[in-house]
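Here are a few short exercises to work through with the model open beside you. Try each task before reading its solution.

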Amino acid sequence: MYIPEHFAETDQAEVARLVADHPLACVVGQTAQGLIANHLPLFLTPKRSLSGHVALRNDMHRLMQDGQPVLAIFRGGDGYVSPNRYPSKAETHRHVPTWNYQVVHFEGRITFDHSDHAKRAAVALLTRDHERRANGDSAWRMADAPADYMEQMLAAIVAFRIDIDRILAKSKLSQNREARDHAAIVADFEGRGLDELARRMRQDAKG
């Protein structure tokens with residue numbers, strides 16, 4: 001991924017936030033049948049790995065070998081930036097359209113696990129935080145489902161782990177613009193409901 005220095009995201013807490021808030025990753029790998037990509041929710045563990053699961057019917061776990069390199073791509077908020085929003089445009093007209101966004105690439109090695117323990121752990125890790133956010137004290141738990149039904153659902157998935165080798169993160173948030181133009185884009189994003197991007201840009205402006 002091309003990352004100019006002023007767009008490099010080096011705050012690991014921000015990287016973790018992006019994964020937690022936008023867990024649906026695109027997992028890409030090379031196989032004998034060519035490149036394959038699957039969109040899968042993943043959980044970033046404290047042990048520098050990504051945890052997830054895939055449907056048993058999905059050939060991903062048959063086409064990829066354990067230890068194979070993969071790329072997991074997480075996308076945060078994004079928004080179009082019009083030159084018309086820059087106050088300085090009226091003075092110079094030296095602006096063109098662009099796009100603001102946040103994205104994280106995880107490069108690593110994937111390992112699949114068909115054991116009941118691994119599948120239960122993958123589901124528990126992934127659903128725990130999201131259920132708390134969605135339902136609070138009424139969060140769904142695997143124990144809420146009938147045991148035989150849960151066994152049936154677990155039998156239909158394969159757990160996997162991606163051991164992370166490298167993280168590349170980019171936050172393109174108008175850091176290369178003068179303060180008045182930056183502030184104008186923040187206001188534009190807020191007016192268009194792009195609150196996550198606007199909030200992140202305000203944080204950058206505060207230093």
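The exercises below use a predicted model, and each is followed by a worked solution.

**Exercise 1. Find the strands that pair with β5, and say which residues stand opposite A72.**

Solution. Start with strand β1, residues 24-31: β1 pairs with strand β5, residues 68-81, in the antiparallel sense, over four bridges. Within this pairing, V27 stands opposite A72 of β5. Now turn to strand β6, residues 98-113, which pairs with β5 over twelve bridges, again in the antiparallel sense. Here the residue opposite A72 is F106 of β6. Put together, A72 stands opposite V27 and opposite F106.

**Exercise 2. Take H93 and S174, and decide for each whether it is buried or exposed.**

Solution. First place H93: it sits in the loop between α3 (89-92) and β6. Its phi is positive, about 60°, although H93 is not a glycine. The relative accessible area of H93 is 53%, and exposed means over 50%, so H93 is exposed.

Next place S174, in the loop between β7 (157-172) and α6 (179-191). S174 also is not a glycine, and its phi is positive, near 65°. Its relative accessibility is 3%, and the cut-off for buried is under 20%, so S174 counts as buried.

**Exercise 3. Locate Y149, classify its exposure, and state how far it is from G136 in space.**

Solution. Y149 belongs to helix α5, residues 147-154. With a relative accessibility of 42%, Y149 falls between the 20% and 50% cut-offs and therefore counts as partly exposed. Finally, Y149 and G136 are 13 residues apart in sequence, and their C-alpha atoms are 24 Å apart.

Note on methods:
Residues are numbered from 1 along each chain as its sequence is written. This is a predicted model: local features need pLDDT of at least 70, side-chain atom pairs count only at pLDDT 80 or more; totals for chains, interfaces and linings use all residues. Side-chain values use heavy atoms; hydrogens and water are left out. Two strands pair if DSSP finds at least two bridges between them. Helices (H or I, at least four residues) and strands (E, at least two) are DSSP runs, numbered from the N terminus. Buried means under 20% relative accessible area, exposed over 50%, partly exposed in between (1.4 Å probe, protein chains only).
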